[in-house]
Amino acid sequence: VIKVDVDGEYKAMDIEEYIIGVLPGQISPKSNMEAVKAQAVIVRTSILRQMGENKTFDSENLQEEYIEDKEQRNIWGELHYDKYKKIMEKAVLDTKGQVLRYNGEYIDPLYHRVSSGTTATAKELFENGAEYLVGVESKEDVNSKDYLTMYTFPLAKINEEFGCAITPENMTDSFTILESTP
């Protein structure tokens, strides 16, 4: 049971109901249904991992934020609310009770939307990396709209933010790559 503050009052929810309120903040209802289902499994696994042996848990102690119905209506609009809500409910119902485990323990279901063509292993990223998170090729990511984002900043803004004195004349001498990951 998860205790959620809804409009100033605590409401007890089972985990499946809670997941329906978490999904809208994590995945678009326009996504492929299998992706929405996969996200439901990821959310369920993460919540149960955080709850541990506790039978009751306060939602404020969870990483996953619950989005109330009125906020979902604002996000999706009245026209799409019922349709999108049913997508989230179906994904949760179709995966009810499904979780991800490794050696009998709930995994830490880390996720990222886009990589640079290859994912890193957990050991490359974390001191105590999980064995189940291995690197794989993900060449399709270069086609993602989120693959590369470029920003342009005026030199004055860079100098102000970083407390430096870069000029067009010394710009090539001003930047050094200290570390990079694959």
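**Figure 1. Contacts across the whole protein chain, in a predicted model.** Let us start with how the chain meets itself: among contacts between residues at least 6 apart in sequence, 58% join residues at least 24 apart. The protein chain has 182 residues, and 30% of them count as buried. Its secondary structure comes to seven helices and five strands. If you follow the sequence from the start, these elements come in the pattern β-β-α-α-β-α-α-β-β-α-α-α. The panels below zoom in on a few places worth a visit.

**Figure 2. Helix α1 is largely enclosed by the rest of the structure, because seven of its eight residues are buried.** The buried residues here are Ile15, Glu16, Tyr18, Ile19, Ile20, Gly21 and Val22. Do look for Glu16, a charged residue that belongs to this buried set. What do the buried residues of α1 pack against? Their partners are two strands, β1 (2-6) and β2 (9-13), together with the helices α2 (33-51), α3 and α4.

**Figure 3. Tyrosine 18 and tyrosine 66 form a stacked aromatic pair.** A search of the whole structure finds four aromatic pairs, and this is one of them. The two rings are 5.4 Å apart from centre to centre, with 20° between their planes. The pair links distant parts of the chain, as its members are 48 residues apart. Tyrosine 18 belongs to helix α1 (residues 15-22), while tyrosine 66 sits in the loop between β3 (57-58) and α3. Are these tyrosines buried or exposed? Tyrosine 18 is buried, with a relative accessible area of 0%. Tyrosine 66 also counts as buried, because its relative accessibility of 16% falls under the 20% cut-off.

**Figure 4. Helices α3 and α4 pack at an angle of about 115°.** Helix α3 covers residues 69-76 and helix α4 covers residues 78-94, and their axes are 8 Å apart. Which way do the two helices cross? The crossing is right-handed. On the α3 side, the contact is made by Asp69, Gln72, Arg73 and Trp76. These meet Glu78, His80, Tyr81, Tyr84, Lys85 and Met88 of α4. By residue type, the contact divides into four nonpolar, two polar and four charged residues.

**Figure 5. Trp76, Tyr81 and Tyr84 are linked into a cluster by ring pairs.** This close-up stays with residues of the contact between α3 and α4. The ring centres of tryptophan 76 and tyrosine 81 are 6.1 Å apart and their planes meet at 40°, so the pair is tilted. Tryptophan 76 counts as buried, at 9% relative accessibility, and so does tyrosine 81, at 6%. Tyrosine 81 has a further partner: arginine 73 lies over the face of its ring, at 3.9 Å from the ring centre.

**Figure 6. Lysine 85 of helix α4 counts as buried.** Its relative accessibility is 12%. Which residues does lysine 85 contact, once its neighbours within four places in sequence are left aside? The answer is Ile20, Asp69, Gln72 and Trp76. Ile20 is one of the buried residues of α1, whereas Asp69, Gln72 and Trp76 are in α3.

**Figure 7. Asparagine 103 lies in the loop between β4 (101-102) and β5 (105-106).** Here the view moves to an exposed residue: asparagine 103 has a relative accessibility of 67%. Its backbone deserves a glance, with phi near 55°, a positive value in a residue other than glycine. The C-alpha atoms of asparagine 103 and tyrosine 132 are separated by 9.7 Å, and the two residues are 29 apart along the chain. In the flanking strands, arginine 101 lies over the face of tyrosine 106, at 4.3 Å from the ring centre.

**Figure 8. Alanine 38 in helix α2 is partly exposed.** The relative accessible area of alanine 38 is 37%. How far is the C-alpha atom of alanine 38 from that of alanine 91? The separation is 8.2 Å, with the two alanines 53 residues apart along the chain.

Key
Residues are numbered from 1 along each chain as its sequence is written. This is a predicted model: local features need pLDDT of at least 70, side-chain atom pairs count only at pLDDT 80 or more; totals for chains, interfaces and linings use all residues. Side-chain values use heavy atoms; hydrogens and water are left out. Axes are lines fitted to C-alpha atoms, for helices over the stretch in contact, and angles run from 0 to 180 degrees between N-to-C directions. Helices (H or I, at least four residues) and strands (E, at least two) are DSSP runs, numbered from the N terminus. A crossing is left-handed if the near helix is turned anticlockwise from the far one by less than a right angle, and right-handed if clockwise. Contact means heavy atoms within 4.5 Å. Rings of Phe, Tyr and Trp (its six-membered ring) pair if their centres lie within 6.5 Å; planes under 30 degrees apart count as stacked, over 60 as edge-to-face and the rest as tilted. Buried means under 20% relative accessible area, exposed over 50%, partly exposed in between (1.4 Å probe, protein chains only). A charge sits over a ring if NZ of Lys or CZ of Arg is within 6 Å of the ring centre and within 35 degrees of the ring normal.
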